Each structure stands twice: as C-alpha cells, then as structure tokens.
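This report concerns side-chain pairing and burial in a single structure. Please consult the sequence and the coordinates while reading the text below.

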Amino acid sequence: MPVCSTCGTHYGSTVRICVRDGTPLVAGRADDPHLGKLLDGKYRIDSFISGGGMGAVYRAQHVMLGKTVAVKVIKNELVTSDEIVSRFQREARAASNLHHQNIVSVYDLGQTPDGTLYIAMEFIDGPSLRETIKREGPLPAPKAINILLQVASA
C-alpha cells in the first residue's frame, strides 16, 4: 500500500503522488510489523520512508512531545550478531556527537524489550537526493557543486 513519507497518508495501489502535498509515494507494506505500533512506549511509527541492508527508516511521532522524528530500526535477525549491534551503536553514538546544520541530530538510541534496536533522529522534510535525481535527471554542475560543498562542510 503506497504511503506518503511527508504526511503519512496511505493510498490505494493505483495512486503514485500524495494529493495533499505532491510527494511521490513510497511502498508501505501492509505486513510491516512496525507500522502503526508504539515503539518502546515513545514513538508511534506512522509511515515507511526507506529501507536498506541493515533495516528501515520510518516517519514517527514522539507521543509525549508531539514531535515528528525519523526512526531507524535494525532488522531483528541482525540483532543476534554482536558485530552488527556494535556497529549500529557506534553509528548512533558518533552521529549524536556531531552538531552541524548539514547533519541530522540524533535524539535517542534504544532497545525494546523484544530486542528491537532503534535510533530516533531529526526528521528532515523533503525529497532525498536520489528522488531529486530520479525526478530531474542529472544535476547541473552548479547545483551538484553546491550540494557537494554542503556535504563536505559537514
């Protein structure tokens, strides 16, 4: 079921763009165990943003603060690997010690009673670089240089 990564609205399988804000929809699986759940008693998982080799990133709401956050959840099958868990913790600790306008802020690192590891971080509203390139094609040199300078400054 497609989901808007900006507002969290779910749509039928034929809709490709959010009618509320124009965001291209991402696939949100109906069988995703995290969608709609309250993670660690703090974060309500509202929508899927992206997935990768180690896990998935979701748009979530810190229920006590009423604040939108991004939550990265490691795949449960990887939690059994001490190396993967250590890597995940190092990533969270390193990111939480960095403070720069071009780096997301990390708010929380935790593990739920069922073993789920997660990092809660600043939610950045807008398209990813991948989405921008997919939509617009190759970036003009000045725009690409501007982005690279921002990355390098971080």
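The structure holds 5 salt bridges. The model is a predicted one, and the description that follows should be read accordingly.

**Salt bridges**

Side chains of opposite charge can pair when their charged atoms come close. Three of the pairs are listed in the table, each with its N to O distance.

| Basic residue | Acidic residue | N to O distance |
|---|---|---|
| K42 | D108 | 2.9 Å |
| K72 | E91 | 3.0 Å |
| R135 | E136 | 3.4 Å |

The salt bridge between D108 and K42 links distant parts of the chain: D108 belongs to strand β7 (residues 106–111), while K42 sits in the loop between β3 (38–39) and β4, 66 residues apart. D108 has a relative accessibility of 15% and therefore counts as buried, the cut-off for that class being under 20%. K42, at 28%, counts as partly exposed.

K72 and E91 form a further salt bridge. Because K72 lies in strand β6 and E91 in helix α1 (residues 82–96), this pair ties together parts that are 19 residues apart in sequence. K72 has a relative accessible area of 18% and is thus buried, whereas E91, with 33%, is partly exposed.

E136 is paired with R135, and E136 is partly exposed, with a relative accessible area of 44%. R135 and E136 also belong, together with K143, to a network of salt bridges.

**Aromatic pairs**

How many aromatic pairs does the structure hold? There are 2 aromatic pairs. In one of them, the ring centres of Y43 and Y118 are 5.7 Å apart and the ring planes stand at 65°, so the arrangement is edge-to-face; planes over 60 degrees apart fall in that class. Since Y43 lies in strand β4 (residues 43–51) and Y118 in strand β8 (residues 117–122), the pair ties together parts that are 75 residues apart in sequence. Y43 counts as buried at 3% relative accessibility, and Y118 is buried with a relative accessible area of 0%.

F48 and Y58 make up another edge-to-face pair, with 5.9 Å from centre to centre and 75° between the planes. F48 is located in strand β4 and Y58 in strand β5 (residues 55–62), 10 residues apart, and the pair links distant parts of the chain. Both F48 and Y58 are buried.

**H62 and its contacts**

Which residues is H62 in contact with, leaving aside its neighbours within four places in sequence? They are K42, Y43 and K67. H62 therefore touches a member of the salt bridge to D108 and a member of the aromatic pair with Y118, namely K42 and Y43. H62 itself is found in strand β5. With a relative accessible area of 14%, H62 is buried.

**Nonpolar surface patch**

L38, V63, M64 and L65 make a nonpolar surface patch of about 450 Å². One of these residues, V63, lies in the loop between β5 and β6 (67–74). V63 is partly exposed, its relative accessible area being 37%. Is H62 in strand β5 buried or exposed? In contrast to the partly exposed V63, H62 is buried.

Key: Residues are numbered from 1 along each chain as its sequence is written. This is a predicted model: local features need pLDDT of at least 70, side-chain atom pairs count only at pLDDT 80 or more; totals for chains, interfaces and linings use all residues. Side-chain values use heavy atoms; hydrogens and water are left out. Rings of Phe, Tyr and Trp (its six-membered ring) pair if their centres lie within 6.5 Å; planes under 30 degrees apart count as stacked, over 60 as edge-to-face and the rest as tilted. Helices (H or I, at least four residues) and strands (E, at least two) are DSSP runs, numbered from the N terminus. Buried means under 20% relative accessible area, exposed over 50%, partly exposed in between (1.4 Å probe, protein chains only). Patches are made of residues with over 30% relative accessible area and no salt bridge: like charges are joined within 9 Å, nonpolar side chains (Val, Leu, Ile, Met, Phe, Trp, Tyr) within 5 Å. Accessible areas come from the Shrake-Rupley method with a 1.4 Å probe; for residues, only the protein chains shown count as cover. A salt bridge is a side-chain nitrogen of Lys or Arg within 4 Å of a carboxyl oxygen of Asp or Glu. Contact means heavy atoms within 4.5 Å.
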